[in-house]
Amino acid sequence: MMLVLRRGLSTAISYAAKPLISVDLNRPATNQLIPLHNRWHPDIPSVVSVRQGDVFRVECVDWTGGQIGNNDTADDVKNVDLTRIHYLSGPIEVEGARPGDVLVVDILDVGPLSSAMWGFTGIFDKNNGGGFLADVYPNAHKAIWDFSGIYATSRHIKNVRFAGLTHPGIIGCAPSYELLSRWNTRERDLINRCSHSHHQYNVLANLPNEKGALLGRLKFEENKEKWQKVADEGARTIPPREHGGNTDIKNISRGSRVYLPVYVNGAKLSLGDIHFSQGDGEIAFCGAIEMSGYIDLHLDIIKDGMSRLSINTPLIQPGPVEPRYSNYLTFQGISVNDKDKQYFLDATLAYRQACFSAIRYLKRFGYTEEQLYCLLSAAPVEGRIGSIVDIPNACCTLSLPIDIFSFDIRPETVEQNNQNISRGQLAKTTF
């Protein structure tokens with residue numbers, strides 16, 4: 001039995017988490033004994049029910065549902081079916097939760113499944129997913145990481161070892177009909193307004209799509225009309241939204257508390273997309289170390305919490321457990337592109353430029369640019385907005401822990417550490 005202290009309370013949670021939702025990695029994600037889902041909609045039925053104060057374990061498949069293998073080719077990344085993601089465990093009905101409440105979720109523990117002690121980082125093909133730097137790195141690549149306790153290493157990016165800050169990339173409650181309609185309306189409007197704009201992504205938003213839709217216990221053969229309605233309206237799981245969703249906040253880890261707005265009766269909590277580690281921004285789209293894993297949870301409810309706390313988006317108390325690195329190199333970016341074109345307080349561009357600064361520098365030590373793109377996505381780097389007021393340039397920084405490398409990467413050592421050294425090679429496509 002384990003004791004977990006709850007911040008701000010004088011009592012402790014005494015628990016041995018009971019498995020509530022289990023997954024079988026030998027079965028397809030579409031055919032689990034407790035069905036999964038990959039769309040947000042209030043009519044997706046709950047698969048289990050819990051009470052306020054319950055402690056339980058939820059297992060999750062990786063976000064692609066097993067489409068990516070532990071091998072040395074990136075063909076699976078190039079051809080991944082993005083209509084089928086993300087596979088989420090839930091919805092979980094929370095008895096007594098009502099619209100306007102806040103669901104208090106304590107993350108007691110999170111980790112990889114013992115049967116799958118590995119994960120992957122991918123650079124997606126520009127024509128199938130893309131990513132933050134897809135205009136510069138358009139081809140699919142992959143790195144496999146092996147886990148040893150809290151540490152990750154990769155045969156594809158050698159001489160690197162770091163501790164993971166393990167967390168769920170996705171956590172959120174089901175939207176109401178009204179909120180769902182707002183999501184779909186505004187994202188459709190974005191496409192209509194800006195589809196002509198030049199950007200590094202092939203699509204601006206992923207609208208509802210029945211192709212690849214998995215709706216939990218709602219089965220097409222049992223209720224075709226309702227299934228079709230939910231598939232036509234169900235929001236994709238790609239972005240974060242008011243309910244939480246795909247936030248990819250690396251600090252929602254062990255000991256964290258998440259306050260989630262409740263929009264429907266029973267809250268209908270879902271989660272998944274577990275990451276062993278991730279850098280701020282998860283810049284490569286599939287940039288975290290993606291894995292199948294488990295999460296131990298404890299739930300409370302704050303009645304009328306949305307009005308009492310004046311929130312309509314999640315509130316987060318990060319936990320006390322995270323890798324503690326004391327030595328960093330910090331790279332700066334400003335809102336001026338590589339063609340010397342000035343932009344006004346563009347923090348997105350500034351962070352891109354900080355990433356490129358890090359990649360150019362670290363390339364001197366024998367890594368390829370694509371290896372470094374994956375590394376900056378997966379390692380526990382810290383991203384910051386340094387300045388957002390000094391017109392015309394926003395300033396963003398990316399801080400990389402020096403001690404994750406098995407050699408010295410400080411500027412004084414560049415010349416002695418970059419001579420004819422093999423740092424491995426990312427998995428590439430074969431065609």
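This report walks through helix 5, a pair of buried acidic residues, some unusual backbone spots and the empty spaces of a predicted model.

## Helix 5 and its surroundings

Let's start with helix 5, which runs over residues 347-362. Its 16 residues reach 23 Å from the first C-alpha to the last, close to the 22 Å expected at 1.5 Å a residue. At the start of the helix, Asp346 is worth a look: one of its side-chain oxygens comes to within 3.2 Å of the backbone nitrogen of Thr348.

How many of the 16 residues of helix 5 are buried? The count is 12, so the helix is mostly covered, with buried meaning under 20% relative accessible area. Among them are the aromatic side chains of Tyr351, Phe356 and Tyr361, together with Leu349, Ile359 and Leu362. The buried set also takes in Arg352 and Gln353, as well as Ala350, Ala354, Cys355 and Ala358. In an α-helix, residues three or four places apart point the same way, because there are 3.6 residues a turn. What do the buried residues of helix 5 pack against? Their partners are helix 6 (369-378) and three strands: strand 20 (328-334), strand 21 (382-387) and strand 22 (395-401).

## Two buried acids in contact

Strand 21, one of the elements packed against helix 5, holds Glu382. Glu382 has a relative accessible area of 16%, so it counts as buried. Its side chain makes a polar contact of 3.1 Å with the side chain of Arg384. Beyond its neighbours within four places in sequence, Glu382 is in contact with Lys250, Asp280, Tyr328, Thr397, Leu398 and Ser399.

Asp280 sits in the loop between strand 16 and strand 17, and is buried because its relative accessibility is 16%. Which side chain makes a polar contact with that of Asp280? It is Lys250, at 2.7 Å. Lys250 is also on the contact list of Glu382. With sequence neighbours within four places set aside, Asp280 is in contact with Lys250, Tyr351, Val381, Glu382, Gly383 and Arg384. Tyr351 in that list is one of the buried residues of helix 5, while Arg384 is the polar partner of Glu382. For a longer view across the model, the C-alpha atoms of Asp280 and Val80 are separated by 24 Å, with these positions 200 residues apart along the chain.

## Backbone spots to check

Two cis peptide bonds deserve a glance if you are preparing the model. One runs from Ile85 to His86, with omega near -5°, and His86 is in the loop between helix 1 (75-78) and strand 6 (88-94). Another joins Ile391 to Pro392, with omega near 5°; Pro392 belongs to the loop between strand 21 and strand 22.

Positive phi values turn up at Ala267 and Glu282, neither of them a glycine. For Ala267 the value is about 70°, and the residue is in the loop between strand 15 (257-261) and strand 16 (269-275). Ala267 counts as buried because its relative accessibility is 0%. Glu282 has phi near 40° and lies in the loop between strand 16 and strand 17 (285-290). With a relative accessible area of 6%, Glu282 is buried too.

## A pocket and a cavity

Rolling a probe the size of a water molecule over the atoms shows where empty space is left. The second largest pocket has a volume of about 250 Å³. Of the 17 residues lining this pocket, Leu25, Asp62, Gly65, Gly66 and Ser292 are the closest to its centre. Which strand supplies the largest share of the lining? Strand 8 (residues 118-123) does, with three residues. By class, the lining has nine nonpolar, five polar and three charged residues.

The model also has one cavity of 30 Å³ or more. The space in the largest cavity is about 30 Å³. His37, Arg39, Trp40, His41 and Ile44 line this cavity, along with Pro91, Ala174, Lys268 and Ser270. That lining divides into four nonpolar, three polar and two charged residues.

Technical notes: Residues numbered from 1 in each chain as written. Predicted model: local features only at pLDDT ≥ 70, side-chain atom pairs only at ≥ 80, totals over all residues. Heavy atoms only, no water. 1 Å grid on protein atoms, 1.4 Å probe; cavity = no way out; pocket = protein on both sides within 12 Å on 5 of 7 lines; lining within 4 Å. Points joined across faces, edges and corners; volume = space filled by probe spheres on them. Helix = DSSP H or I, 4+ residues; strand = E, 2+ residues; numbered from the N terminus. Nonpolar A, V, L, I, M, F, W, Y, C, P; charged D, E, K, R; others polar. Expected span 1.5 Å × (residues − 1). Buried < 20%, exposed > 50% of the residue type's maximum accessible area, 1.4 Å probe, protein only. Contact = heavy atoms within 4.5 Å. Polar contact = N/O pair within 3.5 Å; in protein donor to acceptor, adjacent residues only side chain to side chain.
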